[in-house]
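Visitor: I've just started learning about protein structures. Could you walk me through one?

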Amino acid sequence: MTKTQNRLIEMLTENTGVHFLDSGMSNGRHWQQNQGHTLSEWQNRPSALLDTDYGTSVTLDVFGFLSDRLRLSEQAEQVQAQFSEFIDENNYSLWDCSAMEEFAQLVHEPSTLERTPEIVNTYNFENLLSQVLQFVEFEINGVQFVLLQIHGGADVRGGYTAPQVFEVLSEYWIYQSTEALISCADCGWYATLNGPDFYDPDGLQVETKFYELKACPECQSYKLTAEAPEAY
Ligand SMILES: [Zn+2]
């Protein structure tokens with residue numbers, strides 16, 4: 001178990017409360033469902049799940065997805081301490097995302113990441129992640145960071161964790177939240193899912209639309225599985 005994984009588990013089990021708009025049943029909130037897993041259960045979670053019960057869908061496990069792409073480095077911890085000071089000095093709330101954005105803009109020294117840091121909420125675009133993320137990216141001395149909150153509630157308007165700084169290991173990490181590898185256990189067919197479309201190993205678009213996929217296009221087997229994409 002790495003320090004990054006430990007911190008992610010703390011976030012995923014953090015009591016993010018019960019918001020007044022929260023429509024979750026008594027134990028329906030993500031942070032409640034994430035309670036009580038052993039370390040090996042966390043590490044052995046499948047990276048993705050394929051569900052063909054009600055229209056075909058894939059879910060990427062947010063724990064595995066983030067573990068492979070972010071790191072709680074020493075430098076990230078230093079920036080986290082800076083962020084805590086910033087919150088205290090300005091009497092801001094930790095859960096105010098405009099404070100996250102203001103901090104990111106203050107410390108941002110762009111070299112490769114030119115754009116002005118802005119809050120991104122994954123609820124606002126199509127993706128396969130099992131939980132909603134809210135974050136702002138910035139760069140210091142050529143190192144890319146993310147100040148991240150994970151949504152643990154049942155209603156997207158409330159129920160975020162306290163923000164945590166991580167170093168970003170792969171520049172395109174969030175773009176991979178729309179991707180999955182789909183393969184057939186019987187004939188070895190596989191394709192990369194990106195949005196609603198499939199691409200074969202040569203990068204050519206496969207005719208099948210993902211939501212219409214019920215069986216393997218090659219051998220008609222129902223033994224299809226999904227995996228998270230390799231981090232790049
Ligand atoms: Zn097959």
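Guide: Here come some questions and answers about this chain. Bear in mind that this is a predicted model, where local features need pLDDT of at least 70, side-chain atom pairs count only at pLDDT 80 or more, and totals for chains, interfaces and linings use all residues. Residues are numbered from 1 along each chain as its sequence is written.

Visitor: Let's start inside. Which strand gives the largest share of the largest nonpolar core?

Guide: A nonpolar core is a set of buried Ala, Val, Leu, Ile, Met, Phe, Trp, Tyr and Cys residues joined through C-beta atoms within 7 Å. Buried means that 20 or more other C-beta atoms lie within 10 Å of a residue's own, exposed means 12 or fewer, and partly exposed is in between, with C-beta atoms placed from the backbone. The largest core here has 46 residues, and those with the most contacts inside it include Phe145, Val146 and Leu147. Its largest share, 5 residues, comes from strand E6 (residues 143-150).

Visitor: What is that "E" label, and which residues does Val146 touch beyond its sequence neighbours?

Guide: Strands (E, at least two residues) and helices (H or I, at least four) are DSSP runs, numbered from the N terminus. Contact means that two C-beta atoms, placed from the backbone, lie within 7 Å. Leaving aside neighbours within four places in sequence, the contacts of Val146 are Leu70, Phe135, Glu137, Phe166 and Val168.

Visitor: Now the open sheet. Which strands stand at its edges?

Guide: Strands count as paired if DSSP finds at least two bridges between them. This sheet has 5 strands in the order E11-E10-E9-E8-E12, with antiparallel pairing. Two of its strands each have a single partner, so one side of each is left without a neighbour in the sheet: E11 (205-206) and E12 (224-227).

Visitor: Which residue stands opposite Leu181?

Guide: Look at strand E8 (residues 179-184) and strand E9 (residues 190-194), which pair in the antiparallel sense over 5 bridges. Their hairpin has 5 residues between the strands, and Gly188 there takes a positive phi near 85 degrees. Opposite Leu181, in E9, you'll find Thr192.

Visitor: Which side chains of E9 point to the buried face?

Guide: In a regular strand the side chains alternate between the two faces of the sheet. Along E9, Tyr190, Thr192 and Asn194 point to one face and are not buried. Pointing to the other face, and buried, are Ala191 and Leu193.

Visitor: And what is the bridge partner of Asn194?

Guide: E9 pairs with strand E10 (residues 197-199) in the antiparallel sense over 3 bridges. The two form a hairpin with 2 residues between them, and Gly195 in the turn has a positive phi of about 65 degrees. In E10, the partner of Asn194 is Asp197.

Visitor: Is Gln176 buried or exposed?

Guide: Gln176 sits in the loop between strand E7 (164-168) and E8. Its C-alpha is 8.5 Å from that of Asn194, 18 residues away in sequence. Since it has 22 C-beta neighbours inside 10 Å, Gln176 counts as buried.

Visitor: What is the phi of Asn141?

Guide: Most residues other than glycine have a negative phi. Asn141 lies in the loop between strand E5 (133-140) and E6, and it is exposed because just 7 other C-beta atoms are within 10 Å. Although Asn141 is not a glycine, its phi is positive, at about 50 degrees.

Visitor: On to helix H5. What length does it reach?

Guide: H5 (residues 74-89) has 16 residues. The expected span of a helix is 1.5 Å times one less than its number of residues, and for H5 that is 22 Å. From its first C-alpha to its last, H5 reaches 23 Å.

Visitor: Which residues of H5 are buried?

Guide: Seen down the axis, the buried residues fall within an arc of 60 degrees (taken from the directions from the helix axis to the C-beta atoms), so they line one face of H5. What covers them includes E5, E6 and E7. On the other side, Glu74, Gln78, Ala81, Glu85, Asp88 and Glu89 are exposed. The buried residues are Ala76, Val79 and Phe83.
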